[in-house]
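Dear colleague,

Please find below the structure I am handing over to you, followed by an account of what was found in it. I should be grateful if you would read the two side by side.

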Amino acid sequence: MADIRSRYTDSLNFFGKHSAQELAEQFGTPLYVYNEQILRRACRELKGLSSQPGFGVNYSVKANANPALLRIMREEGLVVDAMSPGELHMNTLAGFRQDEILYISNNNAPEELQSVLAKVNLVSVDSLPQLDTLGRINPGGKVMVRFNPGIGAGHHAKVITAGKETKFGVCPEYLSQVFSLLDRHGLTLAGVNQHIGSLFMQPDNYLEAVRFLLDLIATFPAERLQKLEVIDFGGGFGIPYRKYDGEPRLDMARLGRDLHQILETWADKHGYNGRFLVEPGRYVVAECGILLGRVHAVKNNGDKRYVGTDIGFNVLMRPAMYDSFHDIEIYRGGTAAATRADMPQTIVGNICESGDILAKERLLPEIYQGDVLGVLDAGAYGFSMSSPYNQRLRPAEVLITADGTARLIRRRESLADLTVCLEDLPQECDCQG
Ligand code: LLP
């Protein structure tokens, strides 16, 4: 076997008893492949951040909602959030109980809030009008409020969710209005949450926001503080996407040490014995997922070498949407070895837009038609952001289980899936595709 660039997955035995090429043959491409052991390792690392009683990991399902993966997380003792009825449905399918799901709402219709209230114990609202709506629907009930701590972080302006430039959260200066609305509807403030943004590689902003939220809660009147059951600091924990450049990891040991100390001191001081949650999505699932695709054409346009694949931005949107970097491996098999020095190659998909670029002028060994490519760290915001744009079918998902075998956990979409909602489908349509 002479894969051209596979050092990283080789070192982890990522594909278990299979090769990437075998998986591509057997299940077709594009194909999301997840590794159970890597997923479990991430869950355990996060759970180990603090031994403070009540500390827990609330996985943010938007990163990846496949129920097979959610079931593994549940076995590892994680709980989950949901921010849509669809995510809630997936959580329930995976076996999460009502008290193991937090609904983090954002601009929801009253009907949605109403239906969700029957299925979860706690709903977080992130504006005064939504607090009012919830109070009208569920007077005398419990509620969580999401605050905007004013400190943001993230890999791109589009994913910073706190500070001045964001739609999220209630600014602390509205605290007295929050209390008035709670009182008007007889609501109990059972939880407080925040989320500063997605992907930080230094713990400082996160820890500062943790302190900020705890300081804010410390200003609550004692009778309100006593009724708090959950304080959720949000997610955003980054992973190093530049694996082949040896990008350093987020220092989880330091983050855990500092976080633990803050929580322990605060809980002692305020006699708090409720739950403390962190809410990561990416850190749980990004590194356990690789997207396999196949090269169908290689050509030069002007002085650029284009590698044409079946990995369009409908399958992995992150590079087109945020200019995100994902490392790429090359699997060829046989006895072929890399022939020439690395060369700049622009890897593109099969979508009808010039912005359909997976990697721009990336320095890689020469890629040939027929090669299988592996896009690393694709487990988070990969499949969950995929779409049927250009009426392309969404890919299959496969899990490499702990014993190294491959299990299909989502079949590839078919043409019938594209037409399933059409009202006036012609009778003679052959939609099995
Ligand atoms: N909690 C809330 C309320 C959130 O909005 C998010 C992410 C998380 C937790 C989890 O954040 P994480 O730990 O995964 O960073 N599509 C983007 C990321 C968007 C994140 C949106 N909210 C990407 O592909 O980078």
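The domain assignment of the protein gives two parts: domain 1 covers 7-33 + 287-412, and domain 2 covers 105-280. Please bear in mind throughout that this is a predicted model. Taken over C-alpha atoms, the centres of domain 1 and domain 2 are 36 Å apart.

As to how the domains meet, 14 residues of domain 1 are in contact with 12 residues of domain 2. Between them, domain 1 and domain 2 bury about 1300 Å², and carbon and sulfur atoms give 53% of that area. On the side of domain 1, the residues that lose the most area to domain 2 are E287, Y322 and F325, which together account for 42% of what that side buries.

The polar side of this interface may also interest you. Three salt bridges are counted between domain 1 and domain 2, along with 10 residue pairs in polar contact, both residues being at pLDDT 80 or more. Two elements, α1 (7-12) and α13 (318-322), give two or more residues to the side of domain 1 that touches domain 2. Of these, α13 gives the most, with three residues. By residue class, that side of domain 1 divides into six nonpolar, two polar and six charged residues. E287, already named for the area that it loses to domain 2, also has its side chain in a salt bridge with that of R249, at 2.8 Å from N to O.

Turning to the ligand, 18 residues surround it, and S198, E279, R318, Y322 and Y381 come nearest. Y322, listed above among the residues of domain 1 that lose the most area to domain 2, has an N or O atom in its side chain 2.7 Å from a nitrogen atom of the ligand. For Y381, an N or O atom of the side chain is 2.6 Å from an oxygen atom of the ligand. The backbone takes part as well: a polar backbone atom of G236 is 2.8 Å from an oxygen atom of the ligand.

Finally, the count of salt bridges comes to 25. One of the pairs found is R254 with D204, whose closest N and O atoms are 3.2 Å apart. This pair links distant parts of the chain, since R254 belongs to helix α11 (residues 252-270) and D204 to helix α9 (residues 204-218), the two residues being 50 residues apart.

With kind regards

Methods
Residues are numbered from 1 along each chain as its sequence is written. This is a predicted model: local features need pLDDT of at least 70, side-chain atom pairs count only at pLDDT 80 or more; totals for chains, interfaces and linings use all residues. Side-chain values use heavy atoms; hydrogens and water are left out. Domain bounds come from an automatic or database domain assignment. Contact means heavy atoms within 4.5 Å. Buried area is the accessible area (1.4 Å probe) that two parts lose on being put together, summed over both. A salt bridge is a side-chain nitrogen of Lys or Arg within 4 Å of a carboxyl oxygen of Asp or Glu. A polar contact is a pair of N or O atoms within 3.5 Å; within protein, one must be able to donate a hydrogen and the other to accept it, and residues adjacent in sequence count only if both atoms are side-chain atoms. Helices (H or I, at least four residues) and strands (E, at least two) are DSSP runs, numbered from the N terminus. Ala, Val, Leu, Ile, Met, Phe, Trp, Tyr, Cys and Pro count as nonpolar, Asp, Glu, Lys and Arg as charged, and the others, Gly among them, as polar. A residue is near a molecule or strand if one of its heavy atoms lies within 4 Å of it.
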